[in-house]
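Trainee: Hey, could we go through this one together? I'd like to know how to read it.

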Amino acid sequence: MTGVPSDRQQRLDRHALVMAVWLPAAFVAAVLFHHGFGPGGVWWLMGGFAVVLAGFVAHVIVNAILGTDFTLREVALGLFAFALAALALVLAVLLTPGFAAVFFWPTALGLVALAIAVVTYMVIRFGPRAAFERFDIIRDNNPRRASRLPHRGGRA
Amino acid sequence: MTFLIVAALGLLAAYALYIAALTARAGTPLLDGGADIPGWAAMFTAAGVMVAGPGLADHLNLVSRFGLQAVHPAMGLVPGAMAGLVVHKRLWVAARIAGMTSPGEALGRYYGSVTLRVVVLTLAILFALPFSAHLLSGTGQIVATATDGAVPRAVAVWVLAFFLFLPAVIGGWRASVLVFAMQAVLLAALFGAITTFAEGTLAAPGFLTTGIPVAEGILHDRLPGVIQNSAGIGKEAAQGGIFTAVGILSSALVFVGIALSPGMLFLGQTTAPGRSKGFGAVWLTAGLGGVALLVLLPLLAARPTLAADLVAAEPLAAVGLILLFVTAGQLAVAFFTTSGTLIVTRELILPFIVPGLSAWGERLAARIALAVAYATLATLAAFAPLFSAVFGSMAIPFAVQLLPALLGLCFVRWISRAAVIAGLVFGLVLVTFTEPPGLILFEGLFLDLPWGRWPLTIHSAAWGLAFNLGVVLLASVFTARGVERAHRDRLHDEFFARWAVPQPRGNGRTALWSLTLIWAFFAMGPGAILGNSFFSRPIFTETEAALGLPSLWVWQILFWLAGCALVWWLAHRAHLGRIDATLLRRIDLPDPAITRDPARAPDWIAAGLARLTREVR
């Protein structure tokens, strides 16, 4: 009766868990953002960012418990959503009169807080050097063999 | 508003289909999900079903009508979590070591009784059809009301049933549980978010300023006595409300009934080993469930115009409120219907009606059974809501009557088959005659009975269980050493050899049970009456304390926290929340009631089928 779950099944279980974290968080965050940008004001907006942050922390906990890491798709989706939010902020500041005066700082601070959370996670998870290397495209393209020495990162 | 509600429900349905499709592509067994449902999904599902199973909207309605006295039965989450811990681990072990893969088979084979198999199947059908139809009907009504009739109740019922059916039929048990888990997390998030939002934005006075507004004559912040000499609902109105202290103690059994329902037992049997049972019972069922029903629900119930106020303040929050109750309904309906159908398929259809099917044939049979079950469910919910409400009312009290049988299987080897069946007969009869079906039928056919529903303000589950336990104890005195004792001992010897509950050092064991009984007495038994004024007019003083909160609410919260500690003790100190699969050792436990070929259908089923097929020809 007891079966050993296949890799595919384990991936699916993890995916379902991650979705179970993010779907409710996304809905609650949407309510808070909608109210924050409407009649609610700055504190509700910050509440929305807090919920997104809580979702991220829960995702990290899931990874820690299951011994996994963010998948490529999750990273891509996260970066896309973050870029979209930043773009939306810039467009709103440029095109919506009065937006910048009320919402620029709270929104920008929220986005920065999310970025800091991600960087903090990476530093804790991988260490400062490895975390930096994940963005170090320049050295990836460095043809010199010295750049691949162990004490300089040891890339293959 | 209608568009937002339909869009939100559509998104949830799309998510369920997505997970079901992925599960189907992974090749997971349809009937039991490979019997290794991930622990996280099982624990969220169990907690969600415990909160949503009794009917969240109905519960809110009761709290709105009766105030804090109606909140108090939610303390039953603690005994519910305890019952789950006590039963589920041993049942899981029995499933693995003796191949008892579903609850009916486990009880039937252990006691060597076909009657017990039939009782469990009947219970599974009661939960899957009338009980779930009642919940679905209520959920359809919520959608119809929220959309101002743009989506009529019957349409909502059929559409909801169809989109609950699809994930079950595509992905089977595993996909269903993964979806239930997400719905349970959503419930928890919405409960917290909507309550916080309402308290933070709405100007109308709430629970903390005015309490729960109830009709005149109802005590909104006190229990109306320890017990009342009331003939019961439908015959005589109890003074000050129906939730007396004894009424609360008996109503708390509802959560035990949910924990012992065939669907929950099946979930427990098909879960992967690990620590999830303990974590789920302590932190989710007793913990988070208690936060929702004991702390947050009164805040929502105190606002009679909550939905309208939320629409005015933030339409998305109003959608969240609707989603909260619709998701709770969907979760409970899909859980009981899918699990009940799969149990009936495993225990009746595959072994007895169409034995010898290939794996493909078994999947097809399960899918046809699911289609029939959901079509019947939708028909009942759409066209026979009263019938569903009347007959569904018996499901939970009936499930509570399984307690002696399950205790016998899990721990008490001297409980015999004869004792269990005699107790069940008494318990089921008592429940039937203290719930609407028995009362309506008897009074319609013969004469008026002097009592109504829940006489003396005692819930039908408690009436049944009291007689059931009494008969079981009495009958066991005479039958404990019957001829089938050796058969029962084989399972218990294995439990004792490898799965014994560690004995706490010193007087720990006595302390655990003594504390539990003392807790039950004060938390939800006669001692709970002290909570009426314990914190507002403290004893030994003449002064009144300006607490700012109802004394009863503080009492409820404090004893709920103490109850969580007891569940933790049971889960972790008694090791009932942890399963170590390395200890498994297969034993042979044949069913003494079935001495012939187990794959052969019973003669009466075979004869019935033959007659039916002859007539068709």
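**Where the chains meet**

Mentor: Sure. Keep in mind that this is a predicted model. Let's begin with the interface: 27 residues of chain B are in contact with 23 residues of chain A.

Trainee: Which elements of chain B give two or more residues to the side that touches chain A?

Mentor: On that side of chain B you'll find helix 1 (2-25), helix 2 (39-52), helix 5 (77-98), helix 8 (153-201) and helix 15 (315-353) of chain B. The largest share, 7 residues, comes from helix 8 of chain B.

Trainee: And how many nonpolar, polar and charged residues are on that side of chain B?

Mentor: There are 18 nonpolar, 6 polar and 3 charged residues on the side of chain B that touches chain A.

Trainee: Can we zoom in on one pair there? At what angle do helix 1 of chain A and helix 1 of chain B pack?

Mentor: About 170°, and their axes are 11 Å apart. Helix 1 of chain A and helix 1 of chain B are therefore roughly antiparallel, since angles over 145 degrees count that way. Helix 1 of chain A brings Leu12(A), Ala16(A), Met19(A) and Leu23(A) to the contact, while helix 1 of chain B brings Tyr15(B), Ile19(B), Leu22(B) and Thr23(B).

Trainee: Those numbers seem to skip along. Why do residues three or four places apart point the same way?

Mentor: An α-helix has 3.6 residues a turn, so residues at that spacing point the same way. By class, the contact of helix 1 of chain A with helix 1 of chain B has 7 nonpolar and 1 polar residues, and no charged ones.

Trainee: Sticking with helix 1 of chain A, how far does it reach from its first C-alpha to its last?

Mentor: Helix 1 of chain A covers residues 7-40, which is 34 residues, and reaches 46 Å, close to the 50 Å expected. Just after helix 1 of chain A, Gly41(A) takes a positive phi of about 105°.

Trainee: What about packing inside chain A?

Mentor: Look at helix 3 (residues 72-95) and helix 4 (residues 99-126) of chain A, which pack at about 165° with axes 10 Å apart. That pair is therefore roughly antiparallel, and the crossing is left-handed. Among the residues in the contact are Phe82(A) and Leu89(A) of helix 3 of chain A, and Phe104(A) and Leu111(A) of helix 4 of chain A. The classes there are 12 nonpolar, 1 polar and no charged residues.

Trainee: Now chain B. How do helix 15 and helix 16 of chain B pack?

Mentor: At an angle of about 130°, with their axes 9 Å apart. That makes helix 15 of chain B oblique to helix 16 of chain B. Their crossing is right-handed. The contact includes Thr341(B) and Val344(B) of helix 15 of chain B, plus Ala366(B) and Tyr374(B) of helix 16 of chain B. It has 11 nonpolar, 3 polar and 1 charged residues.

Trainee: Last topic: where in chain B is confidence lowest, and where is it highest?

Mentor: In chain B, the lowest is helix 26 (residues 603-616), at a mean pLDDT of 70, and the highest is helix 11 (residues 253-259), at 97. Chain B averages a pLDDT of 91, and 97% of the residues score at least 70. Where pLDDT is low, the predicted coordinates should not be read in detail.

Trainee: What ipTM and pTM does the predictor give the complex?

Mentor: The ipTM is 0.88 and the pTM is 0.92.

Terms used: Residues numbered from 1 in each chain as written. Chains lettered and ligands numbered in written order. Predicted model: local features only at pLDDT ≥ 70, side-chain atom pairs only at ≥ 80, totals over all residues. Helix = DSSP H or I, 4+ residues; strand = E, 2+ residues; numbered from the N terminus. Expected span 1.5 Å × (residues − 1). Contact = placed C-beta atoms within 7 Å. Nonpolar A, V, L, I, M, F, W, Y, C, P; charged D, E, K, R; others polar. Axes fitted to C-alpha atoms, helices over the stretch in contact; angles between N-to-C directions. Parallel < 35°, antiparallel > 145°, perpendicular 65-115°, else oblique. Left-handed = near helix turned anticlockwise from the far one by under 90°. pLDDT = per-residue confidence, 0-100.
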